[in-house]
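Q: Hey, got a minute to go through a structure with me? I'd like to ask some quick things as we look.

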Amino acid sequence: MDFDKLRKGIGAFLLVSFIVLSMATPFQKYVSIPKQIVLFQGQTAHVPVFGSTHSITTNAVSVHPKEKLAITGEHVGESDVILQMAGFPMKQVNVKVLPDFKVVPGGQSIGVKLNTVGVLVVGHHLVETEQGKQSPGETAGIQVGDAITHINGRKIEKMTDVSPFIEEAGKTGKPLRLTVARDHQTFETTLTPLKDKHDQAYRIGLYIRDSAAGIGTMTFFDPKSNIYGALGHVISDMDTRKPIVVRDGTIVKSTVTAIDKGRNGSPGEKLARFSTDKQIIGDIKTNSPFGIFGKLSQPIQNGIFDKPMPIALSTDVKKGPAKILTVVEQDQVEAFDVEIVSVTPQKFPATKGMVIKVTDPRLLEKTGGIVQGMSGSPIIQDGKLVGAVTHVFVNDPTSGYGVHIEWMLHEAGINIYDKNEQKAS
């Protein structure tokens, strides 16, 4: 009986000790330290610790014990840092050191011109025939947002490619064989053009478009490859609201001529025109949820940060002050104060990685906050490029979403990770 009491007493003591220990500041600090830290070569991470005795198992990183533990990436590779307190090992942290990588931030206003894959169907219309009003396209099962990629086996790239087929089908009475793309799949259908009783022309009952244009903001370019990223979000067709599947495209310089100020419930926009010489400064290869990507024909400058700058991984971005680079007048890139109010560290590519709020009085006075055309504006924190502005909150134009730069680089095909990872020894 006495043995049972002793056992229960010891158990109660250990339980109370564990609770007290778990509430103690040193213990909480060690629990808060991540299991893995990723650094670029030459960068330093600081983690709060208690005590001063620490050891490492490899020389890939250097460790400097102070009130905050400073871990510096010395060599590309991987290290295990064992943290000790009072001579006892408390936690093992895996430190991964990536090759040094820098990009040049943007901020310039750019004009965007996209050419679609095939011709995009943006609406139906009724053809007035002697037998009544009909839409051959709708009868053929073609929907708004579809893209016609082939007619009678021939590739279609622009609207002028379509007319000869319609005329020929009208004369011969043979239906057109269409290949149609919809939601990353294709199907075939037949369409018989009908004669309009007013002008005797044959029509297919579809409104089509083969290109789109707009403005946005440059986010970054890689000085080694001239690969760039801009906008930070996908470009959708203004009528169908569906992402445009890009055949090719170009970007040109643009000049901001006026600002339609944003208000609650009504997001504003930059009013801009393409540069008078319409000089092409780059191509467009990809239109994705993370922006548009391609290659510059020549390096461009913003006049503020024209030297390559380190980037921050999604796990390194923190709440607090930051700046964005954007144009609100003519073609002058300026830096404005913002606050990163929330951050979502993401292990895999995803949009809406952070929420930012404009705090700069001059930008608030000029634009009311975030406006259309500002998408892609680089976000800089602690001397690092951390992401890009993407969307404004309709009911609060001072705030909006940002995307992590890590995912824009990934989408651009730029590998910032060490392909040949070696375990340091």
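A: Sure, let's talk through a helix and a few loop spots.

A: First, this is a predicted model, where local features need pLDDT of at least 70, side-chain atom pairs count only at pLDDT 80 or more, and totals for chains, interfaces and linings use all residues. Residues are numbered from 1 along each chain as its sequence is written, and side-chain values use heavy atoms, with hydrogens and water left out.

Q: Cool. Which residues are buried in helix H4?

A: Phe 165, Ile 166, Ala 169 and Gly 170 are buried in H4, which covers residues 163-172. Helices (H or I, at least four residues) and strands (E, at least two) are DSSP runs, numbered from the N terminus. Buried means under 20% relative accessible area, exposed over 50%, partly exposed in between (1.4 Å probe, protein chains only).

Q: Where do they sit around the axis of H4?

A: Down that axis, the buried residues fall within an arc of 135 degrees, so they line one face of the helix. The arc is that of the directions from the helix axis to the C-beta atoms.

Q: And what do they pack against?

A: E12, E13, strand E14 (176-182) and strand E17 (202-203). Contact here means heavy atoms within 4.5 Å.

Q: What follows H4?

A: Gly 173, with a positive phi near 80 degrees.

Q: New topic: what's the phi of Asn 152?

A: Near 55 degrees, which is positive in a residue other than glycine. Asn 152 is in the loop between strands E12 (147-151) and E13 (154-155), and is partly exposed at 30% relative accessible area.

Q: How about Asp 382, buried or exposed?

A: Exposed, at 58% relative accessibility. Asp 382 sits in the loop between strands E29 (378-381) and E30 (384-393), and its phi is positive too, near 55 degrees.
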